[in-house]
Amino acid sequence: MRHPKQARQLVDRFGRSVDYVRISITDRCDFRCVYCMSEEMTFLPREQILSLEEIHLLAKCFTELGVNKIRITGGEPLIRRNALELLQKLGQLPLLDELVMTTNGSQLVQTAKQLKKAHVKRLNISLDTLDAKKFKTLTRTGDLNIVLKGIRTAINTGFERIKINAVILKNRNHDEVADLVQFALDSGIDISFIEEMPLGFVDAHNRAEAYYSSDQILTDLQKQFTLEKIDATTAGPSDYYRVQGSQTKVGFISPHSHNFCSTCNRVRLTAEGQLLLCLGNEHSIDLKTALRSHPDDTDYIKQLLIDSMHIKPEKHEFNLSEQPIIMRHMNSTGG
Ligand code: SAM
Ligand code: SF4
């Protein structure tokens with residue numbers, strides 16, 4: 001619900017208003033998922049990433065300009081030191097309706113309760129396979145059992161909604177889409193399938209060859225489940241279906257096959273303090289420099305945020321058969 005004091009001031013050239021910010025609080029991760037990172041990665045030195053205080057200040061500015069939903073992501077957000085303290089402070093922002101998080105689930109056993117206490121409403125948890133060996137191959141360092149325990153803990157903690165995110169790659173995990181939906185059904189949670197995006201160079205597979213479309217996944221699922229289309233009620237990139245006779249929603253995020261840019265309502269803040277106006281373009285504003293050269297001048301920062309809307313691109317163009325045009329990896333962008 002919008003607060004009476006909260007005018008929508010972030011409106012771009014195409015009339016889209018931005019009320020949702022995704023904040024990557026670290027580029028580091030305990031996993032090295034094959035679609036997200038190369039095996040060898042260099043991470044940012046500490047002084048180059050925003051401090052927790054800087055992130056909080058920017059989040060506050062955003063909410064005062066009409067943003068009412070913030071997603072904390074990464075890298076793996078829960079491995080940043082004092083992430084929980086930040087979440088607690090964000091959860092108290094008076095104009096924020098929804099604080100949500102995307103996580104790989106590796107730290108949820110220890111943190112789920114505190115996340116709930118910090119007013120994190122909903123969690124997206126990444127899970128691409130239910131096979132422990134494949135999980136190790138896809139994440140390079142992850143342990144499926146720990147993540148499954150984390151998901152179970154989160155379910156028992158009572159978040160408003162838990163959704164699995166699964167990136168589907170041909171010949172790696174495309175044969176598991178029905179099992180993943182069954183897992184969501186059995187657990188009473190939702191699931192979204194994501195088409196791989198060409199962000200940064202990855203060395204484990206050829207992205208064009210690994211492409212597996214949302215339409216193909218839907219066809220595969222319809223052999224086993226009756227899926228009812230849900231009319232889109234929120235601005236967002238997902239097409240949603242409900243598994244007949246259940247509460248479980250199945251979403252499809254299809255940056256290649258179904259362009260979702262015309263309803264885009266979001267921007268992203270990288271761990272380094274770049275405001276990205278579009279996931280699939282380089283248009284950005286350097287908020288870290290602005291913040292550090294104008295400490296405490298929130299009016300200056302807010303004007304910069306308002307002005308940044310002029311460079312929000314109309315849409316993204318992804319081409320899987322070419323080398324990536326966007327050199328940043330998903331871990332720095334935050335998904
Ligand atoms: N580490 C957390 C996690 O994995 O959930 C949060 C950050 S991760 C970058 C956010 C989401 O982006 C995850 O669901 C992940 O599967 C997805 N992702 C990463 N690289 C991707 C890519 N190249 N294409 C599509 N989705 C990607
Ligand atoms: Fe880490 Fe998430 Fe990227 Fe996997 S997708 S490497 S868990 S940031």
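**Ligand shells and strand pairing in the predicted model**

A polar backbone atom of Gly75 lies 3.0 Å from a nitrogen atom of ligand 1. The model is predicted. Two further backbone contacts to ligand 1 were computed. In one, a nitrogen atom of the ligand is 2.7 Å from a backbone N or O atom of Met197. In the other, an oxygen atom of the ligand is 3.1 Å from a backbone N or O atom of Thr103. On its own, ligand 1 has 540 Å² of accessible area, and the protein covers 95% of it. Strand S3 (98-103) and strand S5 (161-167) are the elements that give two or more residues to this shell.

The shell around ligand 1 holds 19 residues. Tyr35, Gly75, Thr103, Ser126 and Met197 come nearest to the ligand. By class, 9 residues of the shell are polar, 6 are nonpolar and 4 are charged.

Ligand 2 is surrounded by Cys29, Phe31, Arg32, Cys33, Cys36, Met37, Gly75 and Asn104. This shell has 5 nonpolar, 2 polar and 1 charged residues. Gly75 is listed around ligand 2 and is also among the residues that come nearest to ligand 1.

Thr103 links the site of ligand 1 to the strand pairing. Its backbone contacts ligand 1 at 3.1 Å, and Thr103 stands opposite Ile125 in S4. S3 and S4 are parallel and are joined over 5 bridges. Strand S4 spans residues 120-126 and is mostly covered, with 5 of its 7 residues buried. Ser126 is one of the residues that come nearest to ligand 1.

A second set of pairings centres on strand S10. This strand comprises residues 266-269. In a regular strand, side chains alternate between the two faces of the sheet. In S10, Arg266 and Arg268 lie on one side, and Val267 and Leu269 on the other. These four residues are all buried, and both faces of the strand are covered.

S10 pairs with strand S1 (residues 20-24) in the parallel sense, through 4 bridges. Val21 has Val267 of S10 as its bridge partner. S10 also pairs with strand S11 (residues 274-276), here antiparallel and through 2 bridges. In this pairing, Leu269 stands opposite Leu275. S10 and S11 form a hairpin, with 4 residues between the strands. Gly273 lies in the turn and has a positive phi of about 90 degrees.

Two helices were also examined. Helix H1 covers residues 52-64, a run of 13 residues. From first C-alpha to last, H1 reaches 19 Å, close to the 18 Å expected at 1.5 Å a residue. Its buried residues are Leu52, Glu54, Ile55, His56, Leu58, Ala59, Cys61, Phe62 and Thr63. Glu54 and His56 are thus listed as buried alongside residues such as Leu58 and Phe62. Gly66 follows H1 and has a positive phi, near 115 degrees.

Helix H9 (residues 298-308) contains Ser308. With a relative accessible area of 1%, Ser308 falls under the 20% cut-off and therefore counts as buried. The side chain of Ser308 reaches the backbone oxygen of Leu305 at 2.6 Å.

Notes. Residues numbered from 1 in each chain as written. Chains lettered and ligands numbered in written order. Predicted model: local features only at pLDDT ≥ 70, side-chain atom pairs only at ≥ 80, totals over all residues. Heavy atoms only, no water. Near = heavy atom within 4 Å. Polar contact = N/O pair within 3.5 Å; in protein donor to acceptor, adjacent residues only side chain to side chain. Areas by Shrake-Rupley, 256 points an atom, 1.4 Å probe, with all protein chains shown as cover. Nonpolar A, V, L, I, M, F, W, Y, C, P; charged D, E, K, R; others polar. Expected span 1.5 Å × (residues − 1). Buried < 20%, exposed > 50% of the residue type's maximum accessible area, 1.4 Å probe, protein only. Pairing = 2+ DSSP bridges.
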